[in-house]
Amino acid sequence: MKKNDFKLMVIIIGVAVLLLLWRNLKEDGKGHAIQVEVNGVLRGTYALLQDREIDINGTNHLVIKNGKADVIDARCPDKICVQQKPISKKGESIVCLPNKVIITVVEGEENELDAVVK
């Protein structure tokens with residue numbers, strides 16, 4: 001390997017590290033929220049910055065604490081959603097297929113609506 005090849009490799013690695021740091025600082029969780037969908041219908045949007053407990057249709061129990069959302073209890077046979085790690089980064093989700101519940105981290109603020117009545 002020549003001297004210039006080594007310099008080029010160091011520059012590329014340095015730029016990659018800087019981009020990674022910038023992305024992580026940008027995605028600090030501020031302003032992020034979670035959306036809760038049941039059977040394809042949006043049931044609520046909640047800020048990750050506010051600690052709270054949410055009962056989802058009497059089937060799943062969601063806890064938002066320290067900027068992370070976690071399902072701690074579910075009334076389904078496999079309880080895979082309970083075993084998933086807490087989510088906090090944009091795009092992460094927790095899915096409970098038997099109860100048709102999807103919890104996804106999105107950008108945005110909390111919606112004032114807690115329920116939709118038809």
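**Reading sheets, core and charges around S88**

Trainee: Let's start at S88. Where does S88 lie?

Mentor: S88 sits in the loop between α2 (80-83) and β6 (93-96). Keep in mind that this is a predicted model.

Trainee: Is S88 buried or exposed?

Mentor: Look at the relative accessible area, where anything under 20% counts as buried. S88 comes out at 18%, so it is buried.

Trainee: Which residues does S88 touch, leaving out those up to four places away in sequence?

Mentor: With those set aside, S88 is in contact with H32, L48, G67, K68 and V105.

Trainee: On to the sheets. How do I read the one that holds β3, and what is its strand order?

Mentor: Go by which strands pair and in what sense. Here you have an open sheet of three strands, ordered β3-β4-β5, and the pairing is antiparallel. β3 (52-56) and β5 (68-74) are the edge strands; each has a single partner strand, so one side of each has no neighbour in the sheet. On average, neighbouring strands in this sheet are turned by 25° against each other, direction ignored.

Trainee: How many bridges join β3 to β4?

Mentor: Five, with β4 covering residues 60-65 and the two strands running antiparallel. To get the register, pick one pair: I54 has L62 in β4 as its bridge partner.

Trainee: And on the other side, how many bridges do β4 and β5 share?

Mentor: Six, again in the antiparallel sense. For the register there, N60 has A74 in β5 as its bridge partner. These two strands also form a hairpin with two residues between them, and N66 in the turn has a positive phi of about 55°.

Trainee: What about the sheet with β1 in it: in which order do its strands come?

Mentor: That one is an open sheet of four strands, β2-β1-β7-β6, with antiparallel pairing. Its edges are β2 (41-47) and β6; with a single partner strand each, one side of each is left without a neighbour in the sheet. From one strand to the next, the twist averages 20°.

Trainee: Which residues show the register between β1 and β2?

Mentor: Six bridges join β1 (residues 32-38) to β2, and they run antiparallel. Within that ladder, Q35 stands opposite T45, and I34 has Y46 as its bridge partner. In the hairpin of β1 and β2, with two residues between the strands, N39 takes a positive phi near 55°.

Trainee: How should I think about the core? Which residues have the most contacts inside the largest nonpolar one?

Mentor: The general idea first: in soluble globular proteins, nonpolar side chains tend to be buried together. In this model the largest nonpolar core has 20 residues, and I34, I56, L62 and I103 have the most contacts inside it. The elements giving two or more residues to this core are β1, β3, β4, β5, β6 and β7 (101-107).

Trainee: Take L62 as a case. What does L62 touch, apart from residues up to four places away in sequence?

Mentor: Its contacts include I34, V36, I54, I56, V71 and I103, and among them are also R52, E53 and D70. A69 is another residue that L62 touches.

Trainee: Now the charges. How many salt bridges does a search of the whole structure find?

Mentor: Side chains of opposite charge can pair when their charged atoms come close. The search finds two salt bridges here. One joins the side chains of E92 and K85, at 3.2 Å from N to O. E92 is partly exposed, at 22% relative accessibility, while K85 is exposed, at 57%.

Trainee: And which side chains meet at 3.0 Å?

Mentor: Those of K90 and E107, N to O. K90 belongs to the loop between α2 and β6 and E107 to strand β7, so the pair ties together parts that are 17 residues apart in sequence. K90 counts as partly exposed at 44%, and E107 as exposed at 53%.

Trainee: Last one, the cysteines. How many disulfides are there?

Mentor: Zero. Check the sulfur distances, with 2.5 Å as the cut-off. C76 is in no disulfide, as the nearest cysteine sulfur, that of C96, is 3.7 Å away. C96 is in none either; its nearest cysteine sulfur, that of C81, is 3.7 Å away. C76 is buried, with a relative accessible area of 8%, and C96 is buried at 3%.

Technical notes: Residues numbered from 1 in each chain as written. Predicted model: local features only at pLDDT ≥ 70, side-chain atom pairs only at ≥ 80, totals over all residues. Heavy atoms only, no water. Buried < 20%, exposed > 50% of the residue type's maximum accessible area, 1.4 Å probe, protein only. Contact = heavy atoms within 4.5 Å. Pairing = 2+ DSSP bridges. Axes fitted to C-alpha atoms, helices over the stretch in contact; angles between N-to-C directions. Core = buried A, V, L, I, M, F, W, Y, C linked by side-chain atoms within 4.5 Å. Salt bridge = Lys/Arg side-chain N within 4 Å of Asp/Glu carboxyl O.
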